Amino acid sequence: MDRLKGKVALISGGARGQGAAETRLFVNEGARVVVADVLDAEARQLAEEVNKKAGTKAALPVHLDVTRAGDWRAAVDACEREFGGLDILVNNAGILNVKGVSDTNEEEWDAIINVNQKGVWLGTKFAAPAMKKRGGGSIINISSIYGLIGSGGSAAYHASKGAVRLLTKTAAVEYAPDNIRVNSVHPGVIKTPMVDIFAEKNLKDRALAPMKRAARPEEVGYVVLFLATDEASFVTGAEYVVDGGYTAV
Ligand SMILES: NC(=O)c1ccc[n+]([C@@H]2O[C@H](COP(=O)([O-])OP(=O)(O)OC[C@H]3O[C@@H](n4cnc5c(N)ncnc54)[C@H](O)[C@@H]3O)[C@@H](O)[C@H]2O)c1
């Protein structure tokens, strides 16, 4: 309890899946969380659930399309106006397309790159000045094991998640003097709506890591939580693989 007491977090794509798990974990640890998503109804519902359980206004739903600078400006403003500042950003919003290089068209390529890559850059750019005002902060970028290894498909997704890995490292160097830590997390196969497109058997095959199962969203969330806390005060520019051993083989 209270590992994030007094901290304010913004979680992009916070309305469902891993982002929702992190919202619940963060509030349990004393943070106030802006749940920022294009899914307005889901964000509102999650905030209501969390606030009811906490008995206070600990979560605030905000409309955010991560590809739009104006939305980011408004979301960071909401953190400052409603909760007094911003200490933690989880760049979690993401979309998946499994097509390979040859099958991907320009529109599909741009859509993935805009959300998964440009969205992380914009979030970092707009959150950093707010964090500087608080004397520092923590930015956690959700990449993927597909940002580390190839698969033969998901071409734009791999390209976007690989870019997030290195954007993380250069941002860590840029913002170290401001006491803002920037790290990337690389989940393996996690049971969320994103992987609903795969049948259960296909999901099992994809999760054929040494641990032979897909993970619960909280199993990534606890790693993200650690990086968000001051317990990780000397951790920056690092990549945390959460994949049941998938990339170890
Ligand atoms: N599920 C997996 O197996 C897996 C594996 C590795 C990495 N990831 C990454 O984890 C992150 C979270 O995904 P998830 O598994 O919870 O999937 P999810 O589809 O349940 O959640 C993604 C969230 O991002 C939001 N989002 C999409 N486009 C957006 C936009 N333009 N602006 C704001 N929000 C937007 C969605 O509305 C949704 O709430 C993603 O970055 C994903 O690429 C997932």
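# Chatting through salt bridges, helix H5 and the ligand

User: How many salt bridges does a search of the whole structure find?
Analyst: The search turns up 13 salt bridges across the whole structure. Keep in mind that this is a predicted model.

User: Okay, what does Lys132 pair with?
Analyst: Lys132 makes a salt bridge with Asp178, and their closest N and O atoms are 3.7 Å apart. That pair ties together distant parts of the chain: Lys132 is in helix H4, while Asp178 is in the loop between H5 and E6, 46 residues apart.

User: Are those two buried or partly exposed?
Analyst: Lys132 counts as partly exposed because its relative accessibility is 42%. Asp178 is partly exposed as well, at 25% relative accessibility.

User: And which residue does Glu239 bridge to?
Analyst: Glu239 forms its salt bridge with Arg165, with the closest N and O atoms 2.7 Å apart. Here too, distant parts of the chain are linked: Glu239 belongs to strand E7 (residues 239–242) and Arg165 to helix H5, 74 residues apart.

User: Why does Glu239 count as partly exposed?
Analyst: Because its relative accessibility is 29%, and partly exposed covers the range between under 20% (buried) and over 50% (exposed). Arg165 gets that label too, at 26%.

User: What about Arg216, who's its partner?
Analyst: Arg216 pairs with Glu218 in a salt bridge, the closest N and O atoms being 3.6 Å apart. There's also a network of salt bridges with shared partners, which joins Lys57, Arg81 and Glu82.

User: Where does Glu218 sit?
Analyst: Glu218 is in helix H7, which covers residues 217–228. Glu218 is partly exposed, with a relative accessibility of 27%, and its partner Arg216 is partly exposed with a relative accessible area of 48%.

User: What does Glu218 touch, leaving out residues up to four places away in sequence?
Analyst: With those left out, Glu218 touches Ala21 and Leu25. Leu25 is 193 residues from Glu218 along the chain, yet their C-alpha atoms are separated by 8.0 Å.

User: Let's switch to helix H5. How many residues does it have?
Analyst: Helix H5 has 21 residues, running from 155 to 175. From first C-alpha to last, H5 reaches 30 Å, close to the 30 Å expected at 1.5 Å a residue.

User: Which of its residues are buried?
Analyst: Quite a list: Ala155, Ala156, Tyr157, His158, Ser160, Lys161, Val164, Thr168, Ala171, Ala172 and Tyr175.

User: What covers them?
Analyst: The cover includes helix H4 (106–133), strand E5 (137–142) and strand E6 (180–187).

User: You listed a lysine there. What's the nearest opposite charge to Lys161?
Analyst: That would be the side chain of Glu22, 11 Å away, and buried Lys161 has no salt bridge.

User: So what does the side chain of Lys161 reach?
Analyst: The side chain of Lys161 reaches the backbone oxygen of Ile142 at 3.0 Å. Not counting residues up to four places away in sequence, Lys161 touches Asn116, Ile142, Ser143, Ser144, Tyr146 and Gly147.

User: Which strand is Arg181 in?
Analyst: Arg181 lies in strand E6. Arg181 is buried and has no salt bridge, and the nearest side chain of opposite charge, Asp230, is 5.1 Å away. A salt bridge needs the nitrogen and the carboxyl oxygen within 4 Å.

User: Which backbone oxygens does the side chain of Arg181 reach?
Analyst: One is the backbone oxygen of Leu227, at 2.9 Å. Another is the backbone oxygen of Val235, which lies 3.3 Å from a polar atom of the Arg181 side chain. Apart from residues up to four places away in sequence, the residues Arg181 touches include Gly137, Ser138, Ile139, Ala232 and Thr236.

User: Last topic: how many residues surround the ligand?
Analyst: There are 28 around the ligand, and the closest are Arg16, Asp37, Asn92, Tyr157 and Thr192.

User: What does Tyr157 do there, and how far is it from the ligand?
Analyst: A polar side-chain atom of Tyr157 lies 2.6 Å from an oxygen atom of the ligand. Tyr157 is also one of the buried residues of H5.

User: And Asn92?
Analyst: With Asn92, a backbone N or O atom lies 2.8 Å from a ligand oxygen atom. Asp65 has a polar side-chain atom 3.1 Å from a nitrogen atom of the ligand.

Note on methods
Residues numbered from 1 in each chain as written. Predicted model: local features only at pLDDT ≥ 70, side-chain atom pairs only at ≥ 80, totals over all residues. Heavy atoms only, no water. Helix = DSSP H or I, 4+ residues; strand = E, 2+ residues; numbered from the N terminus. Expected span 1.5 Å × (residues − 1). Buried < 20%, exposed > 50% of the residue type's maximum accessible area, 1.4 Å probe, protein only. Contact = heavy atoms within 4.5 Å. Lys, Arg positive; Asp, Glu negative; His and termini not counted. Polar contact = N/O pair within 3.5 Å; in protein donor to acceptor, adjacent residues only side chain to side chain. Near = heavy atom within 4 Å.
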